Amino acid sequence: MAPDTNEIQSINTSWQIAMQEILRMVIRDMYQVGGEAAFKAHIKRIEEAAVDSIYTDLRLRGTDEWTEMLVKERASNFVTTLLTSFTYDRA
């Protein structure tokens, strides 16, 4: 029996929030030392590298070209949304 739409949405949202919080802590700890300008530069570099990797290295087995491009576009949008949500914390 397939899970219902609400359950799938709940799982996806939970996964996204968990990954966002883990990444927020890792990035904050790694890049807080250099100041806000360095922090923003690191975030931009990570975003560009991740999006480039998604488009050049991601290969989905058993899917058609349209589905693969849709997944790549959505994954890239998630990367951008996630990383641009991070702010420099002076704490």
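The following legends describe an overview and several close-up views of a predicted model of one protein chain.

**Figure 1. Overview of the predicted chain, which has 3 helices and 0 strands.** Read from the N terminus, the elements follow the order α-α-α. Helix 1 covers residues 5-31, helix 2 covers 35-57, and helix 3 covers 65-84. Along the principal axes, the C-alpha atoms occupy a box of roughly 50 × 30 × 15 Å. The radius of gyration is 16 Å, whereas a compact globule of 91 residues would have a value near 12 Å. Among contacts with a separation of 6 or more, 61% join residues 24 or more positions apart.

**Figure 2. Surface and charge of the chain, with an exposed area of about 7000 Å².** Carbon and sulfur atoms supply 59% of this area. Of the 91 residues, 18% count as buried. The chain carries 10 positive and 14 negative charges, and the mean positions of the two sets are 6 Å apart.

**Figure 3. Close-up of Q20 in helix 1.** Q20 is classed as buried because its relative accessibility is 19%, and the cut-off for that class is under 20%. Residues up to four places away in sequence aside, the contacts of Q20 are with L82, S85 and F86. Of these partners, S85 lies in the segment after helix 3.

**Figure 4. Close-up of S85, in the segment that follows helix 3.** S85 has a relative accessibility of 31% and therefore counts as partly exposed. A polar atom of the S85 side chain is placed 2.6 Å from the backbone oxygen of L82. When residues up to four places away in sequence are not counted, S85 touches Q20 and R24. S85 and R24 are 61 residues apart along the chain, and their C-alpha atoms are separated by 9.2 Å. The view thus includes Q20, a residue of helix 1, together with its contact partner S85.

**Figure 5. Close-up of E68 in helix 3.** The relative accessibility of E68 is 15%, so this residue counts as buried. Apart from neighbours within four places in sequence, E68 is in contact with L58, R59, L60 and T63. One of these partners, L58, belongs to the loop between helix 2 and helix 3.

**Figure 6. Close-up of L58 in the loop between helix 2 and helix 3.** L58 is partly exposed because its relative accessible area is 26%. With neighbours within four places in sequence left aside, the contacts of L58 are S53, E68, V71 and K72. Among them is E68, which is found in helix 3 and counts as buried. M69 stands 11 residues from L58 in sequence, with a C-alpha to C-alpha distance of 9.9 Å.

**Figure 7. Close-up of I17 in helix 1.** I17 counts as partly exposed because its relative accessibility is 47%, and a residue is classed as exposed over 50%. The C-alpha atoms of I17 and D64 are 29 Å apart in space, and these two residues are 47 positions apart in sequence. Helix 1 also holds Q20, which counts as buried.

Conventions. Residues are numbered from 1 along each chain as its sequence is written. This is a predicted model: local features need pLDDT of at least 70, side-chain atom pairs count only at pLDDT 80 or more; totals for chains, interfaces and linings use all residues. Side-chain values use heavy atoms; hydrogens and water are left out. Helices (H or I, at least four residues) and strands (E, at least two) are DSSP runs, numbered from the N terminus. Buried means under 20% relative accessible area, exposed over 50%, partly exposed in between (1.4 Å probe, protein chains only). Contact means heavy atoms within 4.5 Å. A polar contact is a pair of N or O atoms within 3.5 Å; within protein, one must be able to donate a hydrogen and the other to accept it, and residues adjacent in sequence count only if both atoms are side-chain atoms. The radius of gyration is taken over C-alpha atoms; the globule rule is 2.2 Å times the number of residues to the power 0.38. Accessible areas come from the Shrake-Rupley method with a 1.4 Å probe; for residues, only the protein chains shown count as cover. Lys and Arg count as positive and Asp and Glu as negative; His and the chain ends are not counted. The place of a charge is taken as NZ of Lys, CZ of Arg, CG of Asp or CD of Glu.
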